[in-house]
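Subject: The structure, and some notes on it

Hi there,

Here is the structure I promised to send over. Have a look at it first, and then read on for my notes.

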Amino acid sequence: LRTRKAEPQGPQKIPGVNHIIAIASGKGGVGKSTVSSNLACALAQQGRRVGLLDADVYGPSQPRMLGVSGRPASPDGKTILPLRNHGVTMMSIGLMTNDDQAVVWRGPMLMGALQQMMTQVQWGALDVLLVDLPPGTGDVQMTLSQKAQVDGAIVVSTPQDVALLDARKGIDMFKQLNVPLLGMIENMSTHICSACGHEEHVFGHGGVASEAAKLGVPLLAEIPLDLQIRLASDGGAPIVVSQPDSGQAKAFHDVAAAL
Ligand code: ADP
């Protein structure tokens, strides 16, 4: 990991946090949160001090995926204590609202919440803080990149054309924001039937690999569409934790080791 040099008036470091890596996608539902939680757990298992900031304001899924619940405490009324599970220090916008409460905030409120999560949460000393971004190229992405010194971004996409089209926009946004692209991850790359072993490319195959090649960035992983990955995440223990010896866990470990 290379640390970007802080510019005096530009994006600032979060105190105690060595590196910030954004996990992004063009479209929702492509597995960005699944990748974020598994990557965070893999980093923790590899001995890194890791945090996960769930900034997916429209669909915060990290509390469920990492199996944490309850409202974070604020003993002094000013700072917020993050929660912790599977070796990952985490904070989610989802922990600041009720489960069924839709987030219908306007831009400035959103930015306030994001700022709060960056500056008021006691992250402690971290090697890496992963930020699970909302899909797309909106205010949260801009604010994060302008206020915090993001060292790199990973873009998650399915191989499907529509997803790739939006992923390209995301990649272009990071270029404009001067955030280095660390690589791409193809999720739901292939599906192997657990009953008969037949392999099917539900969303096509290889689209992300060729996009990454075109852009000259690494293809960090190809993750299969796999029932176990979904069940593990829904159960609050990502596959890296619940089935650490599986091939799927290895794929996430390889990405973590390369960061
Ligand atoms: P995003 O963050 O991009 O909106 P999620 O990570 O929330 O996407 O994933 C959307 C849904 O798809 C979730 O139910 C998740 O468990 C499931 N999912 C994601 N990746 C996989 C995969 N590789 N195999 C099976 N299910 C997956």
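Let me begin at a helix surface: Pro108, Met109 and Gly112 are exposed on one side of H3. Please keep in mind throughout that this is a predicted model.

**Helix H3**

The other side of H3 holds its buried residues, which are Leu110, Leu114, Met117 and Met118. Viewed along the helix axis, these buried residues fall within an arc of 100 degrees, so they line one face of H3. What do they pack against? Their partners are strand S2 (50-54), strand S4 (88-92) and helix H4 (139-147). The length of H3 also checks out: 13 residues (107-119) at 1.5 Å a residue should span 18 Å, and the end C-alpha atoms are 18 Å apart, which agrees.

**The binding site and the ligand**

An unreviewed UniProt entry places a "binding site" feature at Gly26, Lys27, Gly28, Gly29, Val30, Gly31, Lys32 and Ser33. I looked at two of these residues in more detail.

Val30 sits in the loop between strand S1 (17-24) and H1. Is Val30 buried or exposed? With 26 other C-beta atoms within 10 Å, against a cut-off of 20 or more, Val30 counts as buried. Setting aside neighbours within four places in sequence, Val30 is in contact with Ser25, Val156, Ser157, Thr158, Ala163 and Asn187.

Lys32 belongs to helix H1. Although lysine is a charged residue by class, Lys32 counts as buried, with 27 C-beta neighbours inside 10 Å. Beyond its neighbours within four places in sequence, Lys32 is in contact with Ile23, Ala24, Ser25, Asp132, Pro135 and Val156.

Which residues come nearest to the ligand? Of the 18 residues around the ligand, these are Gly31, Lys32, Ser33, Thr34 and Arg230. By class, the shell around the ligand has five nonpolar, 10 polar and three charged residues. At least two residues of that shell are supplied by each of H1, S7, S9 and helix H7 (227-234).

**Helix H9**

H1, S7 and S9 come up again with helix H9. The buried residues of H9 pack against helix H1 (32-45), strand S7 (181-192), strand S9 (219-225) and helix H8 (239-242). Which residues of H9 are buried? They are Ala249, Ala251, Phe252, His253, Val255 and Ala256. For the 12 residues of H9 (247-258), 1.5 Å a residue gives an expected span of 16 Å; the end C-alpha atoms are 17 Å apart, which agrees.

**Two backbone angles to look at**

Most residues other than glycine have a negative phi. Two residues here have a positive phi although neither is a glycine: Asn178, at about 65 degrees, and Met188, at about 60 degrees.

Their settings are as follows. Asn178 lies in the loop between helix H5 (161-176) and S7, while Met188 is in strand S7. Asn178 counts as partly exposed, with 13 C-beta neighbours inside 10 Å. Met188 has 26 such neighbours and therefore counts as buried.

Happy to go through any of this with you.

Best wishes

Methods:
Residues numbered from 1 in each chain as written. Predicted model: local features only at pLDDT ≥ 70, side-chain atom pairs only at ≥ 80, totals over all residues. Helix = DSSP H or I, 4+ residues; strand = E, 2+ residues; numbered from the N terminus. Expected span 1.5 Å × (residues − 1). Buried ≥ 20, exposed ≤ 12 C-beta atoms within 10 Å, placed from the backbone. Contact = placed C-beta atoms within 7 Å. UniProt positions renumbered as here; feature names shortened; annotations may be inferred. Near = placed C-beta within 6 Å. Arc of directions from axis to C-beta.
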